Amino acid sequence: MDFWYQKSFKARLMAAVLLPLAWLFGFIAWIRKTLYRAHILKSYRPTVPVIIIGNLSVGGNGKTPVTLWLAELLQKNGLKVGIISRGYGSKSPYYPRIVKIDEPAVEVGDEPLLLAKRSGVPVCIGANRQQAIELLQQHYPLDVILSDDGLQHYALARDLEIVVIEAKRGLGNGLLMPAGPLRESEKRLQSVDFIINNGGLTPYSQNIMQLVPSCAINVQTGERKSLDDFQHQNAIALAGIGNPQRFFDMLMDMDIILQDTFAFADHQAFDQSLLVNLPDDIPVFMTEKDAVKCHTFAKSNWWYVPVDAQITGNILSKIEAWSQKQKNKK
């Protein structure tokens, strides 16, 4: 919600009205977390380590690029990686489900399909994380599990926690839902292992991630072009991610002239009828997450822009040291 990130009188008034619900939300979350800490509610601990990549706030913060970066780093350090995801937006007839790269996004979810295609590691979806992990381990010999999201899913024990913060928006007004964007209070950051700032520096961490566009890929044909080929050209851009403006700004920073932009909800279910009025005579750019849902009806002028995470800070050396310890245990 926009008012979470605004400082106007109207935004503050809306937050104040919702404060009682936020206090109730926080109280329920505190009780639940306390029950897990007291072992009244049991957490499942797999036979291999689990790394959580999550958010403190709702909305797109950049978990998927971090998950891909981490999967690649761990594999380079000799570990066999599996990924689990809740599969938000998926409509599979059964769960848990191992994602295959040729399956429709509507069944397995856009982010899990993207993770499977880009990472090359097994990905399993399901709200029950224990069942998802056990299914992965039945089919693959794994050394570590990455959980895409799930910071607040205390039913799953974890060995490392990584929180991703969108630097420009930060933690918004700092309030719990629904008065603000937070799932847990800011104090929760003190107990996580790593914080990664997406897009710039924040007071919370020195680890900074920049999302670097590599090229443009035609959604219909798979043809690759340098983004330089589109400089100073008119184009259209659409995005169904947590922060669409971030994608639009990236294209404009590449000197692409955006005649129009279309911001959709995160995990938007695209179909041909929704995009039928897009022009045919100029390039149409979309994110890679959106493209996995548009392959079957894509037009020849549709392009997606994959991004790679470049992360600086001490997290790299610390993850490599952790990986070495895991290898020594094998």
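Let us start in the loop between helix H6 (244–253) and strand S12 (257–263), which is where Asp255 is placed. Asp255 is not a glycine, and yet its phi is positive, at about 65 degrees. With a relative accessibility of 38%, Asp255 counts as partly exposed. Please keep in mind throughout this walk that the model is predicted.

A second residue of this kind is worth a visit. His232 is found in the loop between strand S10 (224–225) and strand S11 (234–239). Its phi is near 65 degrees, again a positive value in a residue other than glycine. His232 has a relative accessible area of 59%, so it is exposed.

Now step back and take in the whole chain. The secondary structure of the protein chain comes to eight helices and 15 strands. Along the principal axes, the C-alpha atoms fill a box of roughly 60 × 55 × 40 Å. How does the radius of gyration of the protein chain fit a compact globule of 330 residues? Such a globule would have a value near 20 Å, and the protein chain has 20 Å, which agrees. Buried residues make up 52% of the 330 residues. The protein chain exposes about 16,000 Å², and carbon and sulfur atoms supply 54% of that area. Contacts tell us about the fold as well: among those between residues at least 6 apart in sequence, 71% join residues at least 24 apart.

Next, let us follow one helix. Helix H2 covers residues 63–76, which makes 14 residues. From its first C-alpha to its last, H2 reaches 20 Å, close to the 20 Å expected at 1.5 Å a residue. Is H2 largely enclosed or largely open? Of its 14 residues, 11 are buried, so H2 is largely enclosed by the rest of the structure. The buried residues of H2 include Val66, Leu68, Trp69, Leu70, Leu73 and Leu74, and Lys63 is also among them. Glu72 has its place in H2 too, but at 43% relative accessibility Glu72 counts as partly exposed. The C-alpha atoms of Glu72 and Ser191 are separated by 25 Å, with their positions 119 residues apart along the chain. After H2 comes Gly78, whose phi is positive, near 90 degrees.

From the helix we can move to a strand. Ile125 lies in strand S4 (residues 123–125). Its relative accessibility is 0%, so Ile125 counts as buried. Which residues does Ile125 touch, leaving aside those up to four places away in sequence? Among them are Ser85, Arg86, Gly87, Ser90, Tyr95, Pro96, Val99 and Pro112. For one of these neighbours there is a distance to look at: Ile125 and Gly87 are 38 residues apart in sequence, while their C-alpha atoms are 5.1 Å apart in space.

Two of the residues that Ile125 touches, Tyr95 and Pro96, lead to another feature. Tyr95 and Pro96 are joined by a cis peptide bond, with omega about -5 degrees. Pro96 is placed in the loop between strand S2 (81–85) and strand S3 (97–98). Another cis peptide bond joins Met177 and Pro178, where omega is also about -5 degrees. Pro178 sits in the loop between strand S6 (160–166) and strand S7 (194–198).

Our last stop is the aromatic rings. A pair of aromatic rings is described by the distance of the centres and the angle of the planes. When ring centres must lie within 6.5 Å to pair, the count comes to eight aromatic pairs. In one of them, the rings of Phe264 and Phe270 have centres 5.0 Å apart and planes at 80 degrees, so this pair is edge-to-face. Phe270 has 8% relative accessibility and therefore counts as buried. The rings of Phe297 and Trp302 also form an edge-to-face pair, because their centres are 6.1 Å apart and their planes stand at 90 degrees. Both partners are enclosed: Phe297 is buried with a relative accessible area of 16%, and Trp302 counts as buried at 1%. Elsewhere, Phe230, Phe285 and Trp303 form one aromatic cluster. Finally, a ring can have a charge for a neighbour: the charged end of Arg169 sits over the ring of Tyr5, 5.0 Å from its centre.

Methods
Residues are numbered from 1 along each chain as its sequence is written. This is a predicted model: local features need pLDDT of at least 70, side-chain atom pairs count only at pLDDT 80 or more; totals for chains, interfaces and linings use all residues. Side-chain values use heavy atoms; hydrogens and water are left out. Rings of Phe, Tyr and Trp (its six-membered ring) pair if their centres lie within 6.5 Å; planes under 30 degrees apart count as stacked, over 60 as edge-to-face and the rest as tilted. Buried means under 20% relative accessible area, exposed over 50%, partly exposed in between (1.4 Å probe, protein chains only). A charge sits over a ring if NZ of Lys or CZ of Arg is within 6 Å of the ring centre and within 35 degrees of the ring normal. Helices (H or I, at least four residues) and strands (E, at least two) are DSSP runs, numbered from the N terminus. The expected span of a helix is 1.5 Å times one less than its number of residues. The radius of gyration is taken over C-alpha atoms; the globule rule is 2.2 Å times the number of residues to the power 0.38. Contact means heavy atoms within 4.5 Å. Accessible areas come from the Shrake-Rupley method with a 1.4 Å probe; for residues, only the protein chains shown count as cover.
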